Amino acid sequence: MNFVLPFLISLLMGMGIGGGGLFIVYLTTILSLPQTTAQGTNLIFFIISAISALIIHIRKRKFYPVQAITMIIFGILGSYIFSHLTNMIDPDIPRAFLGCVLILGGGVSIFSAIKSFFKRQ
């Protein structure tokens with residue numbers, strides 16, 4: 001079980017279906033990891049897959065250095081700022097926020113899928 005679920009979640013992540021949120025839910029509920037540990041593990045998992053994707057984008061010449069550098073700078077700044085903010089607040093607040101974002105994202109995905117289904121009819 002500890003191999004099958006992470007494999008399925010990583011498959012979803014590779015297809016771009018928001019497996020990162022599922023991975024955090026798996027780590028916190030099934031493995032009972034603390035929220036911050038689960039988020040850090042998810043971040044490491046994402047960085048490894050992003051490096052793989054970067055190699056493919058460079059090979060296909062679909063890599064834009066200016067945009068990449070901009071995203072890297074703001075990603076580092078945002079990570080630094082919000083990691084310090086989360087240390088100053090109650091740990092349940094980021095957990096609740098993540099839950100709301102997952103529910104909202106899932107709702108938007110379902111709504112757009114239903115909308116596109118009825119457009120084809």
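This note goes through a predicted model of one protein chain, point by point.

1. Overall make-up. The protein chain holds five helices and zero strands. Read from the N terminus, its elements follow the order α-α-α-α-α. The C-alpha trace covers about 45 × 40 × 30 Å along its principal axes.

2. Burial and surface. The protein chain has 121 residues, and 13% of them count as buried. Its exposed area comes to about 9,700 Å², of which carbon and sulfur atoms supply 75%. As for contacts with a separation of 6 or more, 31% are between residues 24 or more positions apart.

3. The largest pocket. The space in this pocket is about 1,600 Å³. Its lining consists of 37 residues, and those closest to the centre are L43, F46, I47, G75 and S79. Two or more lining residues come from each of helix 3 (35-59), helix 4 (65-88) and helix 5 (92-120). Which element gives the largest share of the lining? That is helix 4, with 14 residues.

4. Character of the pocket lining. By residue class, the lining of the largest pocket has 23 nonpolar residues, 13 polar ones and one charged residue. A reader looking at the pocket in the structure may start from the residues closest to its centre, among them L43 and G75.

5. Backbone at S32. Most residues other than glycine have a negative phi. S32 is not a glycine, yet its phi is positive, at about 55°. The residue sits in the loop between helix 2 (19-30) and helix 3. Is S32 buried or exposed? Its relative accessibility is 57%, and the cut-off for exposed is over 50%, so S32 counts as exposed.

6. Backbone at R61. R61 also is not a glycine and has a positive phi, here about 60°. Its place is the loop between helix 3 and helix 4. With a relative accessible area of 74%, R61 is exposed.

7. Aromatic pair F23 and F45. Two aromatic pairs turn up in a search of the whole structure. One of them joins F23 and F45, whose ring centres are 4.9 Å apart and whose planes meet at 35°, a tilted arrangement. The pair links distant parts of the chain, since F23 belongs to helix 2 and F45 to helix 3, with their positions 22 residues apart. How do the two partners stand in terms of accessibility, buried or partly exposed? F23 has a relative accessible area of 6% and is buried, whereas F45 is partly exposed at 32% relative accessibility. The boundary that separates these two classes is 20% relative accessible area, so F23 falls under it and F45 does not.

8. Aromatic pair F117 and F118. These two residues form an edge-to-face pair, with 5.3 Å from centre to centre and 75° between the planes. F117 has a relative accessible area of 40% and is partly exposed. F118 is exposed, its relative accessible area being 57%. The exposed class begins over 50%, so F118 belongs to it while F117 does not.

9. P94. This proline is part of helix 5. Its relative accessible area is 16%; buried means under 20%, so P94 is buried. Which residues does P94 touch, leaving aside its neighbours within four places in sequence? Its contacts are T86 and I89. P94 and L33 lie 61 residues apart in sequence, and their C-alpha atoms are 15 Å apart in space.

10. I81. I81 is a residue of helix 4. At 46% relative accessibility, I81 counts as partly exposed. I81 and T70 are eleven residues apart along the chain, and 17 Å separates their C-alpha atoms.

Note on methods. Residues numbered from 1 in each chain as written. Predicted model: local features only at pLDDT ≥ 70, side-chain atom pairs only at ≥ 80, totals over all residues. Heavy atoms only, no water. 1 Å grid on protein atoms, 1.4 Å probe; cavity = no way out; pocket = protein on both sides within 12 Å on 5 of 7 lines; lining within 4 Å. Points joined across faces, edges and corners; volume = space filled by probe spheres on them. Helix = DSSP H or I, 4+ residues; strand = E, 2+ residues; numbered from the N terminus. Nonpolar A, V, L, I, M, F, W, Y, C, P; charged D, E, K, R; others polar. Buried < 20%, exposed > 50% of the residue type's maximum accessible area, 1.4 Å probe, protein only. Phe/Tyr/Trp six-rings, centres within 6.5 Å; stacked < 30°, edge-to-face > 60°. Contact = heavy atoms within 4.5 Å. Areas by Shrake-Rupley, 256 points an atom, 1.4 Å probe, with all protein chains shown as cover.
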